[in-house]
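Q: Could you take a close look at the salt bridges for me? I'd like to know which side chains pair up and how buried or exposed they are.

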Amino acid sequence: MVLGSELQPSGSRVTYLNDLEMNEAYNYARDIGRQSATSVVDQAVTKDQSKIIDGFAGEIAFCKIHNCYLPKSSESRPWDVMIGGKTIDIKTTQIKRGLLLVKYATESNPADLYALIIGNGRRFEYMGYATKKQMFAKSSLGDLGYGPVWMLEQSDLNKELIK
């Protein structure tokens, strides 16, 4: 049993990270910076420490909101957490009306669900999730000027907490 897997989510969609949690995000970003890009596939896209910090802080916030455990590992996998046997890839952005974005070619090894977290400083809000079927529908494929990407508007996301 994964720690927290039997506990119910708090019901709140907003959480704040404390000093210890923010320190954990900074430490993770530092550790990722020390590893080669080939050992942590998801972080290979950026060497920008602030983006790595934001992403990991969003994962911590998602877990606080959903009352689940965040497994930390250098193991390469297409998901961040598991809830109820479903794998979830958590995406974080600082943009209030930001899209849920998933790298093109991720569809060959997908997670079951894709969740969007909006983070600003220490405040994080869970915006909802999409199934892999929603995420990889032809209508979700777009280009923001950097090549093809899978994307969904916040209005297209399932708003309930994942159980």
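A: Here is a walk through the salt bridges, one pair at a time.

This is a predicted model, so side-chain atom pairs count only at pLDDT 80 or more, local features need at least 70, and totals for chains, interfaces and linings use all residues. Numbering runs from 1 along each chain as its sequence is written, and side-chain values use heavy atoms, with hydrogens and water left out. The pLDDT is the predictor's confidence in each residue, from 0 to 100, and the chain averages 86.

Searching the whole structure turns up six salt bridges, meaning a side-chain nitrogen of Lys or Arg within 4 Å of a carboxyl oxygen of Asp or Glu. One of them joins K91 to D89, at 3.1 Å from N to O. Both ends are buried (under 20% relative accessible area; exposed is over 50%, partly exposed in between, with a 1.4 Å probe and protein chains only): K91 has 15% and D89 has 5%.

Another pairs D31 with R30, again with the closest N and O atoms 3.1 Å apart. Here D31 is partly exposed at 32%, and R30 is partly exposed too, at 37%.

Then there's K132 with D112, whose closest N and O atoms sit 3.7 Å apart. This pair ties together distant parts of the chain, 20 residues apart: K132 belongs to helix α3 (residues 132–135), while D112 lies in the loop between β4 and β5 (113–120). Helices (H or I, at least four residues) and strands (E, at least two) are DSSP runs, numbered from the N terminus. K132 is partly exposed at 37%, and D112 is partly exposed at 26%.
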